[in-house]
Amino acid sequence: MTTFSPLAGGLREAWTEPLPAERLRKLRRAALATRARLLEGGRVASCSTHKLVTFPYPTRYAFSGGALSPMPFVMMTNRMQIVQFEHEQRRQTLLFNPSDLEANRAATYYANLARSFGEYLSRSLIPTYHGTPESHLEAAGLSPDDVDFIAFDHLHVQDLRRWLGGPGPGLFPNARLLVMRDEWRTARDLHPMNAVWYVPRGCEVPEARVELLDGDVRLGPGVALLDTRGHTRGNMSLCVVTPDGPFVVSENGVAPESYAPEHSRIAGVKAFAEQMGLEVVLNGNTREDSLDQYSSMIVEKLVAGPSPFDPTFPALAPSSELTASVFAPGLAPTFTFTPRDVGHHVRTATRVRPEARGAA
Ligand SMILES: [Zn+2]
């Protein structure tokens, strides 16, 4: 059972529409209403964004085949947010996308890639490590005990075991995973078409450490998790309202220009979107729910609104953001978006373990 309430604005109801085109029309209206309600509902207490690792990703997936480049890989940078918000009269701490960089390498796709590239190239030369969730937390003046929640946009390449434990409490002894029920179920019983993107057994953590969600939720003033299904069944996005306006964190697109392909200067992307009649270009490594992924990206774009730094592009902070690199000539992003850090993080640890708080 979650203690969080659904977001106001009608997105949950819009998702129940069975016809995809009508569903998209309803989602557009609900996204604008949701944005307005989020703006009325206050601002985040504090939020900071941290780089984790820059790594290769297939070009053909990054823009759904739209980018015209002979280079097989783009480079992307994983990022994590530390977010604090008021909930139940207490300031609480969320880590969004705290990827366990070492354990993630066991995701089947990347394990296979390492075999074909060789260990040195795939481990030492190509990735650039910027910091770990633990090191960023420490630099922010927080301790692992302070973390109340961890959440991911989805569970591709994630391994939760070091964070949430098994026999022991894990590195974050007070944290629970916030995850959509559909995401949790599919990640625990993988279809062969999905399995390549997951870490085998990476989700084997005690159920008591998991809080299942059944749709969008408001975590506190200025902080929400949006249901942005499609890339995976239970995909979600973080929305944060700051003095600069709202922004949305997602992996549905690899760059802000994925949401505004008409302004992309990457060869092929604009023409691809025009030819196919697309308003957004999917990060397309999964195909089973692409119509929903497209609709989710429209929701994200409308909830986020324009970037405060360049209103040509939406305030979309990709959780894996396309990154300029000598390894990927011609595939540098036209515009990048890193939200400004806001507020001050404060220690929030309580001595009470989740078991004692009566976690679901
Ligand atoms: Zn993914």
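Begin with helix H12, residues 290-304, in this predicted model, and select the C-alpha atoms at its two ends: they are 21 Å apart, which agrees with the 21 Å that its 15 residues should span at 1.5 Å a residue. Colour the helix by burial next, and 11 of the 15 residues turn out to be buried, so H12 is largely enclosed by the rest of the structure. The buried set includes charged and polar side chains as well as nonpolar ones, among them Asp292, Gln293, Glu300 and Lys301 alongside Met297, Val299 and Leu302. To see what surrounds these residues, display helix H1 (11-15), helix H2 (20-40) and the strands E9, E10, E11 and E12, against which the buried residues of H12 pack. At the end of the helix, stop at Gly305, which follows H12 and has a positive phi near 70 degrees.

Now select the sheet. Five strands make up an open sheet in the order E8-E9-E10-E11-E12, with mixed pairing. Its edges are strand E8 (217-220) and strand E12 (316-318), each of which pairs on one side only, and the twist from one strand to the next averages 25 degrees. With the sheet shown, bring H12 back into view: the helix packs on the sheet, touching strand E9 (223-227), strand E10 (236-242), E11 and E12, and its direction makes about 155 degrees with that of E11.

Walk across the sheet from the E8 edge. E8 and E9 run antiparallel and are joined by three bridges, and the pair to pick out here is Arg218 with its bridge partner in E9, Ala224. Two residues lie between the strands of this hairpin, where Gly222 takes a positive phi near 75 degrees. Continue to E9 and E10, which pair in the antiparallel sense over five bridges; select Val223 and you will find it opposite Val240 in E10. At the other edge, strand E11 (residues 245-250) and E12 pair in the parallel sense over three bridges, and Ser250 stands opposite Pro318 in E12.

Return to E9 and show its side chains. Which way do they point, one way or the other? Val223, Leu225 and Asp227 point one way, whereas Ala224 and Leu226 point the other way, and all are buried. Five of the five residues of E9 are thus buried, so the strand is largely enclosed by the rest of the structure.

Keep Leu225 selected, and expand to its contacts. Leaving aside residues up to four places away in sequence, Leu225 touches Ala151, Leu178, Leu213, Asp216, Val217, Leu219, Met236 and Leu238. Leu225 is also, with Ala151 and Val248, among the residues with the most contacts inside the largest nonpolar core, which has 92 residues. The element that gives the most to this core is strand E2 (residues 73-87), with eight residues.

From E2, step into the loop that leads to strand E3 (90-96), where Glu88 is placed. Phi of Glu88 is near 50 degrees, a positive value in a residue other than glycine, and with 8 C-beta neighbours inside 10 Å this residue counts as exposed. Asn97, in the loop between E3 and helix H4 (101-104), likewise is a residue other than glycine with a positive phi, near 65 degrees. Is Asn97 buried or exposed? With 22 C-beta neighbours inside 10 Å, Asn97 counts as buried.

Select H2 next. This helix has 21 residues and reaches 30 Å from its first C-alpha to its last, close to the 30 Å expected at 1.5 Å a residue. Its buried residues are Leu27, Ala30, Ala31, Thr34, Arg35 and Leu38; seen down the axis, they fall within an arc of 155 degrees, so they line one face of the helix. These buried residues pack against H1, E9, E10, E11 and H12, while Glu22 and Glu40 are exposed on the other side of H2. Just after the helix, Gly42 takes a positive phi of about 100 degrees.

Finish at helix H11 (residues 269-276), where the buried residues are Val269, Phe272 and Ala273. They cover an arc of only 95 degrees around the axis, which puts them on the same side of H11. The face turned away from that buried side carries the exposed residues Glu274 and Gln275, and Gly277, which follows H11, has a positive phi near 70 degrees.

Conventions: Residues numbered from 1 in each chain as written. Predicted model: local features only at pLDDT ≥ 70, side-chain atom pairs only at ≥ 80, totals over all residues. Core = buried A, V, L, I, M, F, W, Y, C linked by C-beta atoms within 7 Å. Buried ≥ 20, exposed ≤ 12 C-beta atoms within 10 Å, placed from the backbone. Helix = DSSP H or I, 4+ residues; strand = E, 2+ residues; numbered from the N terminus. Contact = placed C-beta atoms within 7 Å. Pairing = 2+ DSSP bridges. Axes fitted to C-alpha atoms, helices over the stretch in contact; angles between N-to-C directions. Expected span 1.5 Å × (residues − 1). Arc of directions from axis to C-beta.
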